[in-house]
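Welcome, and please open your viewer. We will go from stop to stop, with something to select at each one.

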Amino acid sequence: MKSRAARSTTGESRLAVRKGKAEKDPNKPKRPPSAFFVFMEEFRKDYKEKHPNVKQVSVIGKAGGEKWKSLSESEKAPYVSKAEKLKVEYTKKMDAYNNKSEGPTASGDSDKSKSEGDE
C-alpha cells in the first residue's frame, strides 16, 4: 500500500508542472475579425434597435447566422472587403511587432555569424 501512496504523490507533482501556461504578450496585436464578425457588429446594433426586449446573446447570434446565410455574395462583398482591409492592417502591425521583438537577439546574431563563416 505504501507504494501506491508514493506513486500518487509523484503523479500529482507531474500534473502540477504541466498546468503552467505560457504568458501572452499584451503588446501583440489581436487577430482581425472575419467578414462574418464584421457583419455581426453591424447586425447586433440593428437587431437591438428593432428588438430592445431581447437580451439573450444566443438569440441574436442565431438570427445573425441565419441572416448571413441568406445574404448573396454581392451583399456580403462590403463585409469581405472591410475584413480584408483589417487583415492588411493586422499584417502590417504584426510585421512591426515581429521586427521590434526580434531586434538584436542571440538567434539573429548566430545566423549572421554562420553566413559570414560560410562565405
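A helix here is a DSSP run of H or I with at least four residues, and helices are numbered from the N terminus. Keep in mind as you look around that this is a predicted model.

**Stop 1: helix α2.** Select residues 35-50, which form helix α2. Which part of the structure does α2 give the most to? It is the lining of the largest pocket, where α2 supplies 6 residues.

**Stop 2: the largest pocket.** Now select the lining itself: Phe39, Glu42, Phe43, Asp46, Tyr47, Lys50, His51, Lys67, Leu71 and Tyr79. The space in this largest pocket comes to about 170 Å³. Try colouring the lining by class, and you should find 5 nonpolar, 1 polar and 4 charged residues.

**Stop 3: α2 against α4.** Keep α2 on screen and add residues 73-102, which are helix α4. The axes of the two helices are 8 Å apart, and the packing angle is about 115°. Angles from 65 to 115 degrees count as roughly perpendicular, so α2 is roughly perpendicular to α4. Their crossing is right-handed.

To see where they touch, show the side chains of Ala35, Val38, Phe39 and Glu42 in α2, then those of Tyr79, Val80, Lys82, Ala83 and Leu86 in α4. This contact has 7 nonpolar and 2 charged residues, with no polar ones. Two names may look familiar from the pocket: Phe39 and Tyr79 are also among its lining residues.

**Stop 4: α2 against α3.** Hide α4 and select residues 57-70, helix α3. How far apart are the axes of α2 and α3? They are 10 Å apart, and the helices pack at an angle of about 120°. That angle makes α2 oblique to α3. Here too the crossing is right-handed.

On the α2 side, pick out Ala35, Phe36, Phe39, Met40, Phe43, Arg44, Tyr47 and Lys48. They meet Val59, Ile60, Gly61, Ala63, Gly64, Gly65, Lys67 and Trp68 in α3. By class, the contact divides into 10 nonpolar, 3 polar and 3 charged residues.

**Last stop: back to the pocket.** Select Phe39, Phe43, Tyr47 and Lys67 once more. These residues take part in the contact of α2 with α3, and they also help line the largest pocket.

Key
Residues are numbered from 1 along each chain as its sequence is written. This is a predicted model: local features need pLDDT of at least 70, side-chain atom pairs count only at pLDDT 80 or more; totals for chains, interfaces and linings use all residues. Side-chain values use heavy atoms; hydrogens and water are left out. On a 1 Å grid over the protein atoms alone, a cavity is a set of points where a 1.4 Å probe fits but cannot get out, and a pocket is an open set with protein on both sides within 12 Å along at least five of seven lines; lining residues have an atom within 4 Å of a point. Grid points are joined across faces, edges and corners, and a volume is the space filled by probe spheres set on the points. Ala, Val, Leu, Ile, Met, Phe, Trp, Tyr, Cys and Pro count as nonpolar, Asp, Glu, Lys and Arg as charged, and the others, Gly among them, as polar. Axes are lines fitted to C-alpha atoms, for helices over the stretch in contact, and angles run from 0 to 180 degrees between N-to-C directions. Angles under 35 degrees count as roughly parallel, over 145 as roughly antiparallel, 65 to 115 as roughly perpendicular and the rest as oblique. A crossing is left-handed if the near helix is turned anticlockwise from the far one by less than a right angle, and right-handed if clockwise. Contact means heavy atoms within 4.5 Å.
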